[in-house]
Amino acid sequence: MNIDFHCHTTASDGSLSPLDLLHLALERDIDMLSITDHDTLDAYRQLDQTASKIQIIPGIELSSQWKKRGVHIVGLNIGLSSPSILEAVERQSNSRRERAEIIADKLERLGFTDCLAGALSFASGPNQIGRPHFAKHLVAIGAVSNIQQAFKRYLGAGKTGDIKDQWATPQQVISWIRDSGGVAVLAHPTKYKLTRSKLTELLTDFKAAGGEGLEVISGAQVPSVTRDMARLCRDFEFEASCGSDFHAPNQQWAALGRVAPLPDYCTPLWHRWQ
Ligand code: AMP
Ligand code: MN
Ligand code: MN
Ligand code: MN
């Protein structure tokens, strides 16, 4: 089975349209796919009448704030028109728009110009602006030489543009997902750069709030990390998810549908939908 339960389109910060992503997924022989754009379901609206032999699991990646840190929670198999997920999208969209204004303001205080309009020119709408769009603007005005540098200096964890006070709590996010019939999965657990004890604390809180899945594989990661996450997944009795976190075809470390197999000692989440 070729499974990819985490990827992005132009509806959030990806570079392919939903339809182009679906075509690439067909080329890559993906059996089950979830498009998990940041805080929006617009990709699914765009694909509404599109028939495909791929089994699509409706999904979303919701931003949350856990103990002053930004933490991402993927909702899989959500009901696309359930009131609870629609409320989530509306609340998160408002947060994203307000946050974009704050980020723009902070960057302008550093002397960079036209930040909100600039970021918006790379996004599909004011509700969809994320830090990658600000990064593109900083590159475009010559403030930095590439996206990585923009994150390293201005937008990454702990930097001026790392604003996350607007996001809902993990408890709220998990409730939205569960109330819409979905499964809450903690996204890319190694990307938060947590100490072992903080990661354990996060997994404990996530479980207590009703989280049921852990992304054991996120993109191209070394086998020792996969084994470690798989053991945590088993020990916490989560079900295992996996995904590329694909954003663009030129990112080799996150290639759509190129996800390593899960170790056999964790329980795959997709068994629910086979
Ligand atoms: P936001 O949703 O606005 O908080 O932006 C988060 C997104 O920024 C992530 O989903 C990634 O796509 C991107 N991102 C985060 N850190 C980096 C980084 N160091 N370099 C490039 N992109 C990043
Ligand atoms: Mn992203
Ligand atoms: Mn994420
Ligand atoms: Mn993602």
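Let's start with a pattern in the sequence: the residues that hold the manganese ion (ligand 3) are spaced E-x10-H-x115-H along the chain. Keep in mind as you look around that this is a predicted model.

Which residues are behind those letters? They are Glu61, His72 and His188. Glu61 offers its OE atom, His72 its ND1 and His188 its NE2, and these donors sit at 2.1 to 2.2 Å from the manganese ion (ligand 3). Now find the two histidines in the fold. His72 is part of strand S5, which covers residues 69-76, while His188 belongs to the loop between strand S6 (183-186) and helix H8 (196-208). Those parts are 116 residues apart in sequence, so the pair of histidines ties them together.

Next, move over to another metal. The manganese ion (ligand 2) lies 5.6 Å from the manganese ion (ligand 3). What are its protein donors? For the manganese ion (ligand 2) they are Asp13, through OD, plus His38 and His247, each through NE2. Their distances from the manganese ion (ligand 2) are 2.1 to 2.2 Å. Written out as a spacing, these donor residues read D-x24-H-x208-H. Here, too, a pair of histidines links distant parts of the chain. His38 is in the loop between strand S2 (32-33) and helix H2 (42-46), and His247 is in the segment after strand S8 (239-243), with the two positions 209 residues apart in sequence.

Time to zoom out. The domain assignment splits the protein into domain 1, made of 3-89 + 171-273, and domain 2, made of 99-155. So domain 1 is written as two stretches of the chain, and domain 2 as one. If you take the centres over C-alpha atoms, domain 1 and domain 2 are 25 Å apart.

Where do the two meet? Six residues of domain 1 are in contact with four residues of domain 2. Between them, about 390 Å² of area is buried, and carbon and sulfur atoms give 40% of that. On the domain 1 side, the residues that lose the most area to domain 2 are Ala11, Ser12 and Asp13, which together make up 58% of what that side buries. You have already met Asp13, as a donor to the manganese ion (ligand 2).

Finally, what kind of contacts cross this interface? The rule finds zero salt bridges between domain 1 and domain 2, but three residue pairs in polar contact. The domain 1 residues that touch domain 2 divide into one nonpolar, three polar and two charged.

Technical notes:
Residues numbered from 1 in each chain as written. Chains lettered and ligands numbered in written order. Predicted model: local features only at pLDDT ≥ 70, side-chain atom pairs only at ≥ 80, totals over all residues. Heavy atoms only, no water. Contact = heavy atoms within 4.5 Å. Buried area = accessible area lost by both parts, 1.4 Å probe. Salt bridge = Lys/Arg side-chain N within 4 Å of Asp/Glu carboxyl O. Polar contact = N/O pair within 3.5 Å; in protein donor to acceptor, adjacent residues only side chain to side chain. Nonpolar A, V, L, I, M, F, W, Y, C, P; charged D, E, K, R; others polar. Donors = N, O, S within 2.8 Å, 3.2 Å for Na, K, Ca; no water. Helix = DSSP H or I, 4+ residues; strand = E, 2+ residues; numbered from the N terminus.
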